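Subject: A structure for you to look at

Hello,

I am handing over a structure that I have been going through, and I hope you enjoy looking at it. Please open it first, and then read my notes below.

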Amino acid sequence: MMSDTTLAQRLETDKDSVERDLFKLVLTIIELVRDLMERQAIRRVDEGDLSDEQVEEIGTALMRLESAMTDLRSRYDLRPEDLDLDLGPLGQLLGD
């Protein structure tokens, strides 16, 4: 059984660390959704479902999102690979 002191030591974290970890988790979820949107867009382009104008709009939106993600990651000195969570036997969350 864990003593109260041991538990308190495990739960002690500084505010900056908690904030960074939460920010990292949020960015990981956003990156997962962004990746899914990109794959869906590529599938629709390959199938010819989109007009040239729609393809251009999607491309521009994805570039803006990538730029925003780069800016947000830089706030906490995170690299893209920092967002790829290890799911143990399932592998990496974002890995190709």
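Here is what I found, starting with the whole chain and ending with single residues.

This is a predicted model, in which local features need pLDDT of at least 70, side-chain atom pairs count only at pLDDT 80 or more, and totals for chains, interfaces and linings use all residues. Residues are numbered from 1 along each chain as its sequence is written, and side-chain values use heavy atoms, with hydrogens and water left out.

First, the confidence. The chain has an average pLDDT of 82 (pLDDT is the predictor's confidence in each residue, from 0 to 100), and 84% of the residues reach at least 70. Helix H1 (residues 4-11) has the lowest confidence, with a mean of 54, while H3 has the highest, at 92. Where pLDDT is low, the predicted coordinates should not be read in detail.

Next, the overall build. The chain has 3 helices and 0 strands, in the order α-α-α from the N terminus. Helices (H or I, at least four residues) and strands (E, at least two) are DSSP runs, numbered from the N terminus. Of the 96 residues, 16% count as buried; buried means under 20% relative accessible area, exposed over 50%, and partly exposed in between, with a 1.4 Å probe and protein chains only. Among contacts with a separation of 6 or more, 58% are between residues 24 or more positions apart, where contact means heavy atoms within 4.5 Å.

How do H2 and H3 pack? Helix H2 (residues 15-47) and helix H3 (residues 52-75) meet at an angle of about 160°, and their axes are 11 Å apart. Axes are lines fitted to C-alpha atoms, for helices over the stretch in contact, and angles run from 0 to 180 degrees between N-to-C directions. The two helices are therefore roughly antiparallel, a term for angles over 145 degrees. On the H2 side, the residues that meet H3 include Phe-23, Leu-27, Ile-30 and Glu-31, and their partners in H3 include Val-55, Ile-58, Leu-62 and Met-69. By class, this contact has 11 nonpolar, no polar and 6 charged residues. Here Ala, Val, Leu, Ile, Met, Phe, Trp, Tyr, Cys and Pro count as nonpolar, Asp, Glu, Lys and Arg as charged, and the others, Gly among them, as polar.

Three residues of H2 are good places to zoom in. Glu-31 lies in this helix and is buried, at a relative accessible area of 13%. Apart from neighbours within four places in sequence, Glu-31 contacts Met-69, Leu-83 and Leu-94. Thr-28, also in H2, is buried at 2% relative accessibility. Leaving out residues up to four places away in sequence, Thr-28 touches Leu-83, Leu-85 and Leu-93. Its C-alpha is 9.9 Å from that of Glu-81, although their positions lie 53 residues apart in sequence numbering. Asp-35 belongs to H2 too, and with 19% relative accessibility it counts as buried. The C-alpha atoms of Asp-35 and Leu-94 are 8.3 Å apart, with the two residues 59 apart along the chain.

Finally, please look at Asp-77, in the segment after H3. Asp-77 is not a glycine, yet its phi is positive, at about 55°. Most residues other than glycine have a negative phi. Asp-77 is exposed, with 65% relative accessible area.

Best wishes

Note on methods:
Parallel < 35°, antiparallel > 145°, perpendicular 65-115°, else oblique.
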